[in-house]
Amino acid sequence: MAHPTQLGFQDAASPVMEELLHFHDHALMIVFLISTLVLYIIVAMVSTKLTNKYILDSQEIEIVWTVLPAVILVLIALPSLRILYLMDEINDPHLTIKAMGHQWYWSYEYTDYEDLGFDSYMVPTQDLTPGQFRLLETDHRMVVPMESPIRVLVSAEDVLHSWAVPSLGVKMDAVPGRLNQTAFIASRPGVFYGQCSEICGANHSFMPIVVEAVPLKHFESWSSLMLEDA
């Protein structure tokens, strides 16, 4: 999860987020190179009175500074489109979960089970136990098996919400009357935090998302326990 003074992204916990981090680094290096070149040209123009007559009227240079930006844009666009298609691909999910946004909490329904669902509210500050995070901890976590494709159906009951977990590379709008879907694979066990990312009213800041990825056998034990309690 994020920590104070952090400059970069959160550590990736899914293959898609790893791809997004690599693309970010790729694009940032191109930005650095362009910025360095432009800065050098500005400094050279300001600090010298010499003029190169071949630059004043040169077809070759005009061709270069027309073609080069086009090539750079292609080098950025191709990996970007690849990741967009990867994020949109949902192949044979092992588990489907419906996440419904409410003012101001989330409810989860495991559609592969007959009666497995619960509401997830933020834990108030005065009720936090040592080791829990303020404004991020919930009374019920969304538990998923690790290394399994998970499909999340996202919708809302009242106003616009957005289901987002940065370390999993997931962000999907929750629109009333519309069912959106996204998918992720948790590549390691852990607890991953997110928040509603669409301003949805007075308590928008107080509807966190907690995804807990566990080994499959632990998930089966958890689901059996939840069904018994239901």
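The legends below describe three close-up views of a predicted model.

**View 1. Cys196 and Cys200, two cysteines without a disulfide between them.** The sulfur of Cys196 has as its closest cysteine sulfur that of Cys200, at 3.9 Å, which is too far for a bond. Because a disulfide requires a pair of cysteine sulfur atoms within 2.5 Å, the pair does not qualify at its distance of 3.9 Å, and the structure as a whole holds zero disulfides. Cys200, for its part, is in no disulfide, its nearest cysteine sulfur being that of Cys196. Cys196 counts as buried because its relative accessibility is 6%, and Cys200 likewise counts as buried, at 4% relative accessibility.

**View 2. A nonpolar surface patch that includes Ile42.** The patch, with an area of about 830 Å², is made by Ile34, Leu37, Val38, Tyr40, Ile41, Ile42, Met45 and Val46. Ile42, one of these contributors, is found in helix α1, which spans residues 15-47. With a relative accessible area of 45%, Ile42 is classed as partly exposed, because that class lies between the 20% limit for buried residues and the 50% limit for exposed ones.

**View 3. The segment of residues 92-225, as annotated in UniProt.** An unreviewed UniProt entry assigns to residues 92-225 the annotation "domain: Cytochrome oxidase subunit II copper A binding". In the predicted model, the chain over residues 92-225 is 45% strand and 7% helix, and the C-alpha atoms at the ends of this segment are 26 Å apart.

Key: Residues numbered from 1 in each chain as written. Predicted model: local features only at pLDDT ≥ 70, side-chain atom pairs only at ≥ 80, totals over all residues. Heavy atoms only, no water. Buried < 20%, exposed > 50% of the residue type's maximum accessible area, 1.4 Å probe, protein only. Patch = residues over 30% accessible without salt bridge, like charges linked within 9 Å, V, L, I, M, F, W, Y side chains within 5 Å. Areas by Shrake-Rupley, 256 points an atom, 1.4 Å probe, with all protein chains shown as cover. Salt bridge = Lys/Arg side-chain N within 4 Å of Asp/Glu carboxyl O. Helix = DSSP H or I, 4+ residues; strand = E, 2+ residues; numbered from the N terminus. UniProt positions renumbered as here; feature names shortened; annotations may be inferred.
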